[in-house]
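This report describes a two-chain protein model, beginning with the individual chains and ending with selected residues. Please consult the sequence and the structure shown below while reading.

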Amino acid sequence: MTAWHIVLLASIACAAIKLIGYAVPPAVLEKPAPARIANLLTVALLSALIAVQTLGQAATIVLDARVPALLVAALLFALRVPFIVVVIAAAAVAAAIRAFV
Amino acid sequence: MARSEAERAAVRAGIAVGVATGAYGISFGALSVAAGLDFWQTVVLSSVMFTGGSQFALVGVLASGGLAAGPAAIASAVLLGSRNALYSIRMSPIIGSGLLRRIAAAWITIDESTAVATAQTEPRAQRLGFWVTGLAVFVGWNAMTAVGALIGDQLGDVRQYGLDAAAAAAFLGLLWPRLREVQPIAVAVGAAVVATVLTPVVPSGLPVLAAALVAVLVGAFNWFSRPAETLRAAASADARAGNRDTAAGTAAEAPDSSGSAESDTDRSIATGAGHAGEEDR
């Protein structure tokens with residue numbers, strides 16, 4: 001599988017998913033189970049991605065500057081600080097720890 | 001063609017969201033190049049895939065697992081992008097008929113455009129908010145992604161700038177507004193534990209996919225769901241909390257107070273879009 005295969009397959013699939021939504025009748029959303037699973041799927045994937053992105057290093061688990069950066073981000077989100085500010089702050093915390101500690 | 005105050009508000013919200021997400025596109029471009037993709041591959045991701053969460057997921061898996069992790073990277077991106085189908089279903093009656101129009105709408109159906117649209121109360125303002133936001137984000141996101149991909153090579157190690165932590169924080173920003181009930185919190189904790197425990201054991205990319213099974217199990221059996229009584233109380237609390245949110249999140253919850261089973265389901269979808277809204281990238 002080349003990088004182009006991966007990029008094109010994933011891009012076309014993601015675009016197709018959006019189109020599918022316009023082809024199905026809106027009544028689908030009234031069935032609780034599929035809507036519930038779809039919403040929880042987003043939650044599970046985001047949470048798993050956060051865990052891997054924060055703790056993973058190739059095939060190992062490490063604690064480094066990303067952990068305090070994420071804790072700062074969580075605190076700022078709890079304080080309802082705008083998204084873009086939080087993302088920049090998290091990057092700054094990780095960069096500062098790596099530069100000075 | 002005089003626009004109503006509601007329509008002007010929708011346009012303002014859309015443009016503001018577009019500018020904010022553009023600023024964030026630089027980090028995607030830089031991370032994508034750092035993960036081993038070239039400039040044009042990065043451009044294709046932002047223009048064709050055009051859903052920030054999936055794009056970050058794809059390059060994140062490729063960064064740790066290389067091309068061998070391709071299938072897992074694709075699966076992660078597609079599964080995370082599946083929420084866009086829910087947004088499409090929701091936007092479908094607002095967009096109206098016409099094949100070309102619906103294809104164009106599908107292209108720009110993302111967290112942000114759905115959030116701004118569903119936050120409006122008038123149908124015309126909803127439609128306008130959707131198109132303005134989708135186009136503003138598309139232009140800003142693609143332009144800044146290209147800038148990030150171009151300067152990415154000169155940046156050196158992206159970790160030096162904390163861009164890896166920025167990606168984690170961005171995912172957290174998408175997740176945060178969804179954690180208002182026991183069930184999603186349980187799923188989030190379970191998924192994080194599964195992904196962390198599996199990381200040293202299975203190939204890169206698979207821990208995230210395995211964690212998705214937590215959602216399927218909990219959702220199918222409806223574990224950790226609270227009794228309707230509590231849910232209704234939480235729903236109105238959510239609506240109040242939502243009103244303190246950003247402009248786009250404001251009206252999304254307004255019709256929720258009825259509290260029937262259907263509208264609860266509906267509400268959680270609107271809430272997901274409404275809050276995750278300006279935050280996809």
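The following sections treat the chains, their contact and two individual residues.

**The two chains**

The structure is a predicted model. Chain A has 101 residues, and its secondary structure consists of four helices and two strands. From the N terminus, the elements of chain A are arranged as α-α-β-β-α-α. Chain B has 281 residues. Its secondary structure comprises 13 helices and zero strands, so defined as DSSP runs. Global values for each chain are set out in the table.

| Chain | Buried residues | Contacts between residues 24 or more positions apart (share of those with a separation of 6 or more) | Exposed area | Carbon and sulfur share of exposed area |
|---|---|---|---|---|
| Chain A | 46% | 26% | about 4600 Å² | 80% |
| Chain B | 57% | 76% | about 10700 Å² | 68% |

For chain A, residues 24 or more positions apart account for 26% of the contacts with a separation of 6 or more. The corresponding share in chain B is 76%. As to the exposed surface, carbon and sulfur atoms supply 80% of the area of chain A, and they supply 68% of that of chain B.

**The contact between the chains**

How many residues does each chain bring to the contact? Chain A provides 67 residues and chain B provides 97 residues. Between them the two chains bury about 7000 Å², and 75% of this area lies on carbon and sulfur atoms.

The count of salt bridges between chain A and chain B is one. This salt bridge joins A:R98 to B:D164, with the closest N and O atoms 2.9 Å apart. In addition, 12 residue pairs are in polar contact between chain A and chain B, with both residues at pLDDT 80 or more.

Several elements of chain A supply at least two residues each to the side that touches chain B: α1 (3-23), α2 (32-55), β2 (60-61), α3 (66-78) and α4 (83-100). Which element gives the largest share of that side? The answer is α2(A), with 22 residues. By residue class, the side of chain A that touches chain B divides into 50 nonpolar, 10 polar and seven charged residues.

**A:S11 in chain A**

A:S11 belongs to helix α1 of chain A. Is A:S11 buried or exposed? A:S11 has a relative accessible area of 0% and therefore counts as buried, the limit for that class being under 20%. A polar atom of the A:S11 side chain lies 2.7 Å from the backbone oxygen of A:V7. Leaving aside residues up to four places away in sequence, A:S11 touches B:V44, B:L45, B:V48 and B:M49.

**B:A34 in chain B**

B:A34 is located in helix α1 of chain B, which covers residues 5-34. Its relative accessibility is 48%, so B:A34 counts as partly exposed. The C-alpha atom of B:A34 is separated by 8.8 Å from that of B:V59, and these two residues are 25 residues apart along the chain.

**Summary**

In brief, the contact buries about 7000 Å² between chain A and chain B and includes one salt bridge. On the side of chain A, 50 of the contacting residues are nonpolar, and α2(A) gives the largest share. A:S11 is buried, whereas B:A34 is partly exposed.

Key:
Residues are numbered from 1 along each chain as its sequence is written. Chains are lettered from A and ligands numbered from 1 in the order in which they are written. This is a predicted model: local features need pLDDT of at least 70, side-chain atom pairs count only at pLDDT 80 or more; totals for chains, interfaces and linings use all residues. Side-chain values use heavy atoms; hydrogens and water are left out. Contact means heavy atoms within 4.5 Å. Buried area is the accessible area (1.4 Å probe) that two parts lose on being put together, summed over both. A salt bridge is a side-chain nitrogen of Lys or Arg within 4 Å of a carboxyl oxygen of Asp or Glu. A polar contact is a pair of N or O atoms within 3.5 Å; within protein, one must be able to donate a hydrogen and the other to accept it, and residues adjacent in sequence count only if both atoms are side-chain atoms. Ala, Val, Leu, Ile, Met, Phe, Trp, Tyr, Cys and Pro count as nonpolar, Asp, Glu, Lys and Arg as charged, and the others, Gly among them, as polar. Buried means under 20% relative accessible area, exposed over 50%, partly exposed in between (1.4 Å probe, protein chains only). Accessible areas come from the Shrake-Rupley method with a 1.4 Å probe; for residues, only the protein chains shown count as cover.
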